[in-house]
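Hi everyone, thanks for coming. I'd like to walk you through one model today, so please have a look at the screen.

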Amino acid sequence: MGLSEEDIISAYQNTRRQLEDAEDQIRYLQRKGEQETESAIQEMNSRLKHQALDGQAVSFIQQEMYRAHETFDEIANQKKRKCLQKLEENELNYRQKLRDIR
């Protein structure tokens, strides 16, 4: 015997809830990452002011920090896109299953 409409709806809602929770986690981590990166850059700039480093070294360190932040942001965005794609796939699968039982 196949799945009932209630089973299909329940499975869809559970999967959707899990994916939305995952998306929320990614957003939270992305915001937290931005805050931490900005804080680290400010701390680094503050400490570098008191060091006897030339301008090129300071500029290089700052560029590397920003590059690391950009990489983190790209990874978070990729994860968000995958999550959104799974949400869409879940929706399409749900609709197809409902059509199949009707």
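**Side chains between two helices**

Let me begin with one residue, Ala76: leaving aside its neighbours within four places in sequence, Ala76 is in contact with Ile26 and Gln30. Before I go further, please keep in mind that this is a predicted model.

Ala76 and Ile26 also turn up together in the largest nonpolar core, which has 5 residues; the others are Leu19, Cys83 and Leu87. Which helix gives the largest share of this core? That is α2, with 3 residues, and α1 and α2 each supply at least two. As a reminder, in soluble globular proteins nonpolar side chains tend to be buried together.

Now to the aromatic residues. The structure holds 1 aromatic pair. The ring centres of Tyr12 and Tyr94 are 4.0 Å apart and their planes make an angle of 20 degrees, so we call the pair stacked; the cut-off for that is under 30 degrees. Tyr12 sits in helix α1, residues 5–49, and Tyr94 in helix α2, residues 55–101, so this pair ties together parts that are 82 residues apart in sequence. Are these two tyrosines buried or exposed? Both Tyr12 and Tyr94 are buried.

On to the charges. How many salt bridges does the structure hold? There are 9, and I'll show you a few of them.

Glu5 and Arg102 meet through their side chains at 2.8 Å, N to O. That pair links distant parts of the chain, with Glu5 in helix α1 and Arg102 in the segment after α2, 97 residues apart. Glu5 is partly exposed at 31% relative accessibility, while Arg102 is exposed at 66%.

Next, please look at Arg16. Its side chain forms a salt bridge with Glu20, again at 2.8 Å, N to O. Both of these residues lie in helix α1, 4 residues apart, about one turn of the helix. Arg16 also meets Glu91 in a salt bridge, at 3.9 Å, N to O, and here the partners are 75 residues apart, Glu91 being in helix α2 and Arg16 in helix α1. Add Arg95, and you have a network of salt bridges linking Arg16, Glu20, Glu91 and Arg95. Within the network, Arg16 is partly exposed at 35% relative accessible area, and Glu20 is partly exposed at 29%.

Last stop, the surface. Tyr28, Leu29 and Phe72 form a nonpolar patch there, with about 290 Å² of accessible area together. Leu29 belongs to helix α1 and is partly exposed, with a relative accessible area of 46%.

That's my tour, thank you!

Methods. Residues numbered from 1 in each chain as written. Predicted model: local features only at pLDDT ≥ 70, side-chain atom pairs only at ≥ 80, totals over all residues. Heavy atoms only, no water. Phe/Tyr/Trp six-rings, centres within 6.5 Å; stacked < 30°, edge-to-face > 60°. Buried < 20%, exposed > 50% of the residue type's maximum accessible area, 1.4 Å probe, protein only. Core = buried A, V, L, I, M, F, W, Y, C linked by side-chain atoms within 4.5 Å. Contact = heavy atoms within 4.5 Å. Patch = residues over 30% accessible without salt bridge, like charges linked within 9 Å, V, L, I, M, F, W, Y side chains within 5 Å. Areas by Shrake-Rupley, 256 points an atom, 1.4 Å probe, with all protein chains shown as cover. Salt bridge = Lys/Arg side-chain N within 4 Å of Asp/Glu carboxyl O.
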